[in-house]
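Q: Could you take a close look at the unusual backbone spots in this one? I'd like the local geometry along with its surroundings.

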Amino acid sequence: MRHLLTPLRCRRLFLLRSARFKVPTAPAPPTPPKPPRKPQSFTFHDSTWEDPYSWMSSLSDKVAMRHMDVYMEQEEKYTEAVMSGTERLQSKLQSEMASRLAFELSTPPLRWGPWLYYRRIEEGKQYPVLCRRLASLNEEFISHKSPSAGFDFTSGKRIEQKLLDYNLEAERFGGYAYEELSEVSPDHRFLAYTMYDKDNDYFKLSVRNLNSGSLCSKPQAERVSNLAWAKDGQALLYVLTDNNKRPYRIYCSMIGSTDEDVLLLEESDDNVHVNIRHTKDFRFVTVNTFSITSSKVFVINAADPLSGMTLVWECEGLSHCIVEHHQGCLYLFTDAAKQGQSVDYHYLLRSPVDASSSPRKWENVFSDDQDLIIEDVDFSDTHLVLITREGRKFRICSISLPLPVRKGAVHLKELNPYFLPLPEHVSQISPGPNYDYYSSTMRFTISSPVMPDAVVDYDLLNRKWNIIQQQNFLHERTRILYGTASAASIVESNSNSKNSNYKNNVLVDDHHMWNELSEFYACEYYDVFSYDGVVVPLTIVYSRKNKKENQHPGLLHVHGAYGELLDKRWRSELKSLLDRGWVIAYADVRGGGGGGKKWHHDGRRTGKQNSIQDYLSCAKFLIEKGIIQDNKLAGWGYSAGGLLVASAINCCPDLFRAAILEVPFLDPTNTLLYPILPLTAVDYEEFGYPGDVDDFHAIQKYSPYDNIQKDALYPAVLVTSSFNTRFGVWEAAKWVARVRERAIYDPKRPILLNLTTDIVEENRYLQCKESALETAFLIKVMES
């Protein structure tokens, strides 16, 4: 009997121990929230559709907004639950990204006349301070201390003058300080600037006396979109918008006068927008009036702003028109049609100021050159500077002024252009403010996929250049250079480049001088054939250390709208992915910039499908060529780029494993038909006019919200949005709800909605936190 009981007793003890030390089962995945469905039918043209979540955009419906608040809280908790296992990874990523932030929280000083202007952030403060100090006393500069008058009576030496503390401005505007415009008067006595009034959703104009630091009693206008100084700083012209945010009125205010501001122009046509700017020499204020059907440019004599406007340019259609003045000549940089024929790129025209013919006659400055594209121009008293592009290669060249007096256009090489030194992989060149018209130095920001942005001063007279500010990621710190990195010797040694027919061409690829990272990160270019045979440029970046065939996860960026260049700048947060073996790719699809007007036009309105197909072609290319591992591709799009990624997912959900959609435009059908936030003519020109039948059908076809596949397995998607975005948070919420409703549910492929705070854009550490969340999401999904 003992032998029989012993096994039973042992077995019972084993069972008790097993129950006590039972291996825990994995917790059930969190359940995504389900907002209420309130179907509503819509009919337009020959189409009828049902929208179960249209209530989310009923801002005036208090009950709907209470439901929306509850739903947003549920989404927030769901995102936290899904990402709960990544806290340590997020913390590590945030630390990595924060460690790469520049320690020097100051913009490089910009010389204008006798002053050096700059912005800096004081320790413990959220917003910067606009400051200046005299350039002649720069060597005596000792501290950033008060008083605002800029003189330290203890040491007897000059210190900086604080012009505007945006932390104090935040107190004026409900804790939020966002500036859109900021212009110092040409006599350096006043600062005109506009701050965003969040409660009223407009920008408010203020003028501050820089000698006393006090606000001027006038002008203090609301809904200001533009401004320009005149009469050597004694007069300020500004533009007001109507309730639909259309710029339509120009006023002139005499600083220090008690007289009412004078109305110079009121545009009554709801389709026409107004814009003003001063020429760089402050001789004229130019007035642009433009619509879809016509573009006009007027000039106002800045010395007498009440003397009226003179029409100097008029053309059919919406065109980009910038007028400058140099020693008695007006220069027009435009992409307007020539002799009724549309042109693909910008060109430069010239006409004497005192031309008596009507209409005014303009002559071409340069002969047409299909291989040389002029992307931008800038003027100083002694030089004309061109930003040019040949294929994918950007360049900067300078030409001495004044131009020779001759009839007819000339080839650029006949004017002995001097090409300034640049690194190898340049993705964008952005001109600096370059306020000082009479300075021989011009500032540019040089961007590259494998180099931190370099702020460079080029001296056009002696052809020397200095890197003024650039972060050095090799040492995880910022190096700010003043008067060093002069490349005179390199300029001479590289003056005989093989890739150009022009004299003095310079292409410098010294990685160490430019702090380039090409030694560690490769940048490669590919030509991808789209569905219709059009070649789409594709750029990829990867770590040389982690290169493995067919084993890389990858992130494919896109924008493809408004003719804007895709941002391919080096971004420190992407380094965390690159160092973990990811490939970062950029698809320059139709609709974006870099390919001329036709490239943009072929990707807008009824051509928006071209943009989507271009993106899909690049995605398939990356996988087919083994650059990115199959089932390891993620998409990334911001705003209009988010529309393209979401539309591409609708077409081929199995092509992507994940996607990041930042403040995306996801419901174009309803937004364009029934705009809640004001849209401009440019928006309709980009995405289509619902009143046009062809445009309407195209919108319905590419709309991410209207084309979600039923019973398909969608990739994991993180959608970020904010209540302070042009495309309301309801667009993101509606899309997320509908994808969950229609697609196959897979907890390993969650659809998340993350609401960011309004102050993220102004706080670099909050930006790191949001970027860490996105990066952790991608890593989590790829490893699941």
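What follows is a walk through the backbone oddities, with some context before and after.

A: Sure. Bear in mind that this is a predicted model. For the overall setting, the protein has 784 residues, and 54% of them are buried. Its secondary structure comes to 15 helices and 40 strands. Among contacts with a separation of 6 or more, 57% link residues 24 or more positions apart.

Now the backbone. Most residues other than glycine have a negative phi, and most peptide bonds are trans. Here are the places to check against that.

Let's take the peptide bonds to begin with. Lys 218 and Pro 219 are joined by a cis bond, with omega at about 0°. Pro 219 sits in a loop, with strand 11 (202–209) before the loop and strand 12 (224–230) after it. Further along the chain, the bond from Leu 401 to Pro 402 is also cis, and its omega is near 0°. Pro 402 has a loop address too: the stretch between strand 26 (393–400) and strand 27 (418–419).

Next, the phi angles. Lys 231 isn't a glycine, yet its phi is positive, at about 55°. You'll find Lys 231 in the loop that runs from strand 12 to strand 13 (235–241). Strand 12 therefore borders both the loop with Pro 219 and the loop with Lys 231. As for cover, Lys 231 has a relative accessible area of 32%, so it counts as partly exposed.

Val 663 is another non-glycine with a positive phi, this time about 30°. The loop holding Val 663 connects strand 38 (658–662) with helix 11 (668–673). Is Val 663 buried or exposed? It's buried: its relative accessibility is 15%, and the cut-off is under 20%.

While we're in the details, the cysteines deserve a word. How many disulfides turn up in a search of the whole structure? Zero. Take Cys 651: its closest cysteine sulfur belongs to Cys 652, and the gap is 5.9 Å, so that's too far for a bond. For reference, a disulfide would need the sulfur atoms within 2.5 Å. Cys 651 is partly exposed at 39% relative accessibility, whereas Cys 252 is buried at 2%.

Last, the surface as a whole: the protein exposes about 36,100 Å², with carbon and sulfur atoms supplying 49% of that area.

Terms used:
Residues numbered from 1 in each chain as written. Predicted model: local features only at pLDDT ≥ 70, side-chain atom pairs only at ≥ 80, totals over all residues. Heavy atoms only, no water. Helix = DSSP H or I, 4+ residues; strand = E, 2+ residues; numbered from the N terminus. Buried < 20%, exposed > 50% of the residue type's maximum accessible area, 1.4 Å probe, protein only. Contact = heavy atoms within 4.5 Å. Areas by Shrake-Rupley, 256 points an atom, 1.4 Å probe, with all protein chains shown as cover.
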